[in-house]
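Okay, thanks for squeezing me in. I'd like to walk you through one model today, so have a look at the screen and stop me if I go too fast.

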Amino acid sequence: MRSFYRTPEGVAARQGLAVALATSAYGVSFGALSVASGLDVWQTCVLSLLMFTGGSQFAFVGVIAAGGAAAAHAAIASSVLLGVRNAAYAMRMAPVVAGGFWRKAGATQFTIDESVAVGLAQSTPRARQWGFWVTGVAIWIGWNISTLLGALLGDVLGDPRTYGLDAAAAAAFLALLWPRLRGREPLAVAAGAAVVAAALTPVLMPGIPVIAAAGVAVVVGLFDPRRPTSAPGVVAEEKGMP
């Protein structure tokens with residue numbers, strides 16, 4: 001067992017569990033905020049069981065908290081817009097997950113920011129699968145447990161935002177992203193996306209700033225004069241990229 005942890009698969013599993021620990025803890029905040037917004041404990045838990053994408057869940061309860069049941073349509077629209085990014089993740093992760101229809105169908109529930117980030121951060125195909133599955137499954141279990149705890153103990157915990165759990169989850173994600181920002185172009189894309197998201201967040205409904213920020217990378221890829229003409233998969237493998 002000890003030798004496994006030294007392998008690429010073991011490294012991926014350790015990273016996945018570490019990210020799951022930080023991310024799952026933030027589920028307490030969602031559970032407490034959801035109940036405070038007017039949803040009951042069971043409704044809160046169903047959101048985490050089935051929707052299972054933190055940004056969309058927070059957007060949903062945030063709109064409900066501001067507008068009540070009458071804002072349900074706006075809440076659904078906001079959560080759907082934030083969930084659009086998961087469809088892009090699915091296209092990128094399909095060759096990583098591999099397998100047949102049922103394997104890929106099962107992977108859709110665990111295709112989230114963190115599982116994709118950990119998976120793509122690995123150096124071998126097998127390690128990418130380990131990173132994806134360990135992270136996704138571990139977060140799903142931890143997130144649902146912490147959601148239930150937050151929903152039940154919301155009044156005892158007080159305002160969950162004071163604990164800084166949102167910063168812990170963001171820091172874990174940034175720690176995975178930062179080593180991949182090698183060179184001026186990736187740094188410029190990341191900085192541009194951050195500026196776009198920060199500028200649009202105060203004026204647009206949740207979800208749209210995220211999509212607009214992702215568009216920065218698309219624009220750079222389409223209009224970069226240095227873009228290689230050979231097959232993308234060949235170039236990526238030659239450079240050792242996932």
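Let's start with a tryptophan, Trp140, which sits in helix α8. One thing to say up front: this is a predicted model, so please listen to everything with that in mind.

Is Trp140 buried, exposed or partly exposed? Its relative accessible area is 25%, and buried would need a value under 20% while exposed would need over 50%, so Trp140 counts as partly exposed. As for what it touches, if we skip the neighbours within four places in sequence, Trp140 is in contact with Ser48, Leu49, Phe52, Gln109 and Phe110. There's also a distance I can give you: its C-alpha atom is 9.9 Å from that of Ile112, and those two residues are 28 apart along the chain.

Now let me zoom out. The protein chain has 12 helices and zero strands, so if you go from the N terminus on, you just read alpha after alpha. There are 242 residues in the chain, and 37% of them count as buried. Take the contacts between residues at least 6 apart in sequence: 71% of those join residues at least 24 apart. The accessible surface comes to about 13400 Å², and carbon and sulfur atoms account for 71% of that.

Okay, the inside. Which residues have the most contacts within the largest nonpolar core? They're Met93, Ile139 and Trp143, in a core of 24 residues. Helices α1, α4, α5, α7 and α8 each put at least two residues into this core.

Trp143 has quite a list of partners. Again leaving out anything within four places in sequence, it is in contact with Thr23, Ser24, Tyr26, Gly27, Phe30, Ser48, Phe52, Gly54, Gln57 and Phe58. Two names on that list, Gly27 and Phe30, are also among the buried residues of α2.

And α2 itself, residues 27–36, is mostly covered, with seven of its 10 residues buried. Besides that glycine and phenylalanine, the buried set includes Val28, Ser29, Gly31, Ala32 and Ser34. Just after α2 you get Gly38, with a positive phi of about 120°.

A loop residue next. Thr53 is in the loop between α3 and α4. With a relative accessible area of 8%, which is under the 20% cut-off, Thr53 counts as buried. Not counting residues up to four places away, Thr53 touches Arg85 and Asn86.

Back to α8, but now on the outside. There's a nonpolar patch on the surface made of Val137, Ile141, Ile145, Leu148, Leu149, Leu152 and Leu153, and together they have about 580 Å² of accessible area. Pick out Leu152, which lies in α8, residues 125–157. Its relative accessible area is 54%, over the 50% line, so Leu152 counts as exposed.

Last topic, aromatics. How many aromatic pairs does a search of the whole structure find? Four. One involves Phe101 and Trp102: the ring centres are 5.1 Å apart and the planes are at 75°, so that pair is edge-to-face. Both Phe101 and Trp102 are exposed. Elsewhere, Phe110, Phe132 and Trp133 form one aromatic cluster, and Phe110 is a name you've heard already, as a contact of Trp140.

That's what I've got, so over to you for questions.

Note on methods:
Residues numbered from 1 in each chain as written. Predicted model: local features only at pLDDT ≥ 70, side-chain atom pairs only at ≥ 80, totals over all residues. Heavy atoms only, no water. Helix = DSSP H or I, 4+ residues; strand = E, 2+ residues; numbered from the N terminus. Buried < 20%, exposed > 50% of the residue type's maximum accessible area, 1.4 Å probe, protein only. Contact = heavy atoms within 4.5 Å. Areas by Shrake-Rupley, 256 points an atom, 1.4 Å probe, with all protein chains shown as cover. Patch = residues over 30% accessible without salt bridge, like charges linked within 9 Å, V, L, I, M, F, W, Y side chains within 5 Å. Salt bridge = Lys/Arg side-chain N within 4 Å of Asp/Glu carboxyl O. Core = buried A, V, L, I, M, F, W, Y, C linked by side-chain atoms within 4.5 Å. Phe/Tyr/Trp six-rings, centres within 6.5 Å; stacked < 30°, edge-to-face > 60°.
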